[in-house]
Amino acid sequence: MNKQVARAAEALADVRDGSTILVGGFGQIGHPMALIDGLIEQGARDLVIVCNNAGVGTSGLPRLMKLGRVAKIICSYPRTAAVFTELYAAGKLELEITPQGTLAERIRAAGAGIGGFYTRTSAGTLLAAGKETREIDGVAYVFEKPLKGDVAIIEAWEGDRWGNLTYRGSGQNFNPVMATAAALTVAQVQRVVELGAIDPEDVVTPSIFVDRVVEIPYEPPYPAISY
């Protein structure tokens, strides 16, 4: 069994227009830049992007948005890239704001097969509009549905050809939970190691959740990230 693919665009070749894409990372830490470039090369359009934020600068997600390939973004903090502000103000991009903890839990619920959950976050605010609410022990809660992706693109530190993954530091933000919550998970890893080189106790994302692995060492134009 070998899940390793040579090129990012090849690993994403069957992504369809209109797909919901879970994009891992927190800011630029643990962000699958090469896979986003592969998605740009692959050509899918009208994408729904689920991520913590809208990227930084002009590469990665901002470039994907600039090219008009994103129809909607679901995130907790979108104003990290000027291109988002421009497109949203022009009515060219739909936005669904989800508080950060709620976003993570919605994704986790999808991966765990949970039909939804109640949270106090957003109760009594505009973010609760149109959602089921109920009172539990005298406190208002809002019902949130799971958030599943057609595809998850994530970044990891090490991986083997079966798809077992490890992460470093803040690179764990959103990546492991997103790997569990999509029909197809593609992992960009800094290095591919031999089977058995990763201690089973160190595996964060087991191979059962990973469909394809692409080795992307951090070289220009992907500068080393400090953890």
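**Group meeting: a walk through strands, cores and a surface patch**

Okay, let's start with a pair of strands: strand 8, residues 149-159, and strand 10 run parallel to each other, and nine bridges hold the pairing. One of those links is easy to find on screen, since Gly-159 has Val-192 of strand 10 as its bridge partner. Before I go on, please keep in mind that this is a predicted model.

Let's stay with strand 10, which covers residues 182-192. How many of its eleven residues are buried? Eight of them, so we can call the strand mostly covered, given that buried means under 20% relative accessible area. Strand 10 also pairs with strand 11, residues 212-215, again in parallel, this time through four bridges. If you want a spot to click on there, take Gln-188, whose bridge partner in strand 11 is Val-214.

Right, on to the cores. As a bit of background, nonpolar side chains tend to be buried together in soluble globular proteins. Here, the largest nonpolar core has 34 residues, and the members touching the most others are Ile-49 and Leu-64. Which helix gives the most to this core? That would be helix 2, residues 33-42, with five residues. Apart from this core there's another one, with 23 residues, including Val-48, Ile-74, Leu-147 and Ala-182.

Let me zoom in on Leu-64 for a second. If we skip neighbours within four places in sequence, Leu-64 is in contact with Ile-36, Leu-39, Ile-40, Leu-47, Ile-49, Arg-69 and Val-70.

Next stop, a glycine. Gly-163 sits in the loop between strand 8 and strand 9, the latter being 165-166. Is Gly-163 buried or exposed? Buried, because its relative accessible area is 0%. Who is around it? Again setting aside neighbours within four places in sequence, Gly-163 has contacts with Lys-3, Thr-205, Pro-206, Ser-207, Val-210 and Val-213. Take that last one, Val-213: along the chain it is 50 residues from Gly-163, yet their C-alpha atoms are separated by 6.3 Å.

Last thing, let's go out to the surface. Met-1, Trp-162 and Leu-195 make up a nonpolar patch there, and together they have about 300 Å² of accessible area. Met-1 belongs to the segment before helix 1, which is 8-11. We call Met-1 exposed because its relative accessible area is 58%, and the cut-off for exposed is over 50%.

That's my tour, so feel free to spin the model around and ask away.

Definitions and conventions:
Residues numbered from 1 in each chain as written. Predicted model: local features only at pLDDT ≥ 70, side-chain atom pairs only at ≥ 80, totals over all residues. Heavy atoms only, no water. Patch = residues over 30% accessible without salt bridge, like charges linked within 9 Å, V, L, I, M, F, W, Y side chains within 5 Å. Areas by Shrake-Rupley, 256 points an atom, 1.4 Å probe, with all protein chains shown as cover. Salt bridge = Lys/Arg side-chain N within 4 Å of Asp/Glu carboxyl O. Helix = DSSP H or I, 4+ residues; strand = E, 2+ residues; numbered from the N terminus. Buried < 20%, exposed > 50% of the residue type's maximum accessible area, 1.4 Å probe, protein only. Pairing = 2+ DSSP bridges. Core = buried A, V, L, I, M, F, W, Y, C linked by side-chain atoms within 4.5 Å. Contact = heavy atoms within 4.5 Å.
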